[in-house]
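Student: Could you take me through one part of this model in close detail? I would like to see how two of its pieces pack against each other.

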Amino acid sequence: MKSPGRGVPYTVRSLAEASGVSRSQVGHLVSGERRTLDVNEAHAVAEALGVAVLVLFMPPSSPEQGHSDNGTTPT
């Protein structure tokens with residue numbers, strides 16, 4: 001995964017170490033298995049990534065591959 005703020009690639013392990021958030025929590029966030037963080041953890045992850053906390057909660061700028069906003073299957 002890339003850090004949007006500093007452009008430095010992070011692994012789950014390195015982001016967990018930099019933020020102080022457990023590896024399992026970071027891994028679950030990355031995989032989408034978990035979608036929330038405690039406010040202090042969110043600030044720690046944002047600081048480690050070099051971005052504002054709001055960036056962590058922004059929707060993607062484009063739909064995920066294979067999905068569309070109108071509910072139809074892309075052709």
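**A helix pair up close**

Tutor: Happy to! Let's begin with the surface of the whole chain: the accessible surface of the protein chain comes to about 5,600 Å², and carbon and sulfur atoms account for 53% of that area. Keep in mind that this is a predicted model. Of the chain's 75 residues, 21% count as buried. The protein chain has 4 helices and 0 strands, which gives the pattern α-α-α-α when read along the sequence. Among contacts between residues at least 6 apart in sequence, 34% join residues at least 24 apart.

Now for the close look, at helix H1 and helix H3. In general, two packed helices are described by the angle between their axes and the distance between the axes. Here H1 covers residues 12–19 and H3 covers residues 39–49. Their axes come within 8 Å and cross at roughly 115 degrees. Because angles from 65 to 115 degrees count as roughly perpendicular, H1 is roughly perpendicular to H3. The crossing of H1 past H3 is right-handed.

Which residues meet there? From H1 come Leu15, Ala18 and Ser19, and on the H3 side they meet Ala44, Val45, Ala48 and Leu49. By residue class, the contact of H1 with H3 has 6 nonpolar residues, 1 polar residue and no charged ones. The polar one is Ser19 of H1.

So for your own viewing, pick out H1 and H3 and follow the contact from Leu15, Ala18 and Ser19 across to the H3 residues, including Ala44 and Leu49.

Definitions and conventions: Residues are numbered from 1 along each chain as its sequence is written. This is a predicted model: local features need pLDDT of at least 70, side-chain atom pairs count only at pLDDT 80 or more; totals for chains, interfaces and linings use all residues. Side-chain values use heavy atoms; hydrogens and water are left out. Helices (H or I, at least four residues) and strands (E, at least two) are DSSP runs, numbered from the N terminus. Buried means under 20% relative accessible area, exposed over 50%, partly exposed in between (1.4 Å probe, protein chains only). Contact means heavy atoms within 4.5 Å. Accessible areas come from the Shrake-Rupley method with a 1.4 Å probe; for residues, only the protein chains shown count as cover. Axes are lines fitted to C-alpha atoms, for helices over the stretch in contact, and angles run from 0 to 180 degrees between N-to-C directions. Angles under 35 degrees count as roughly parallel, over 145 as roughly antiparallel, 65 to 115 as roughly perpendicular and the rest as oblique. A crossing is left-handed if the near helix is turned anticlockwise from the far one by less than a right angle, and right-handed if clockwise.
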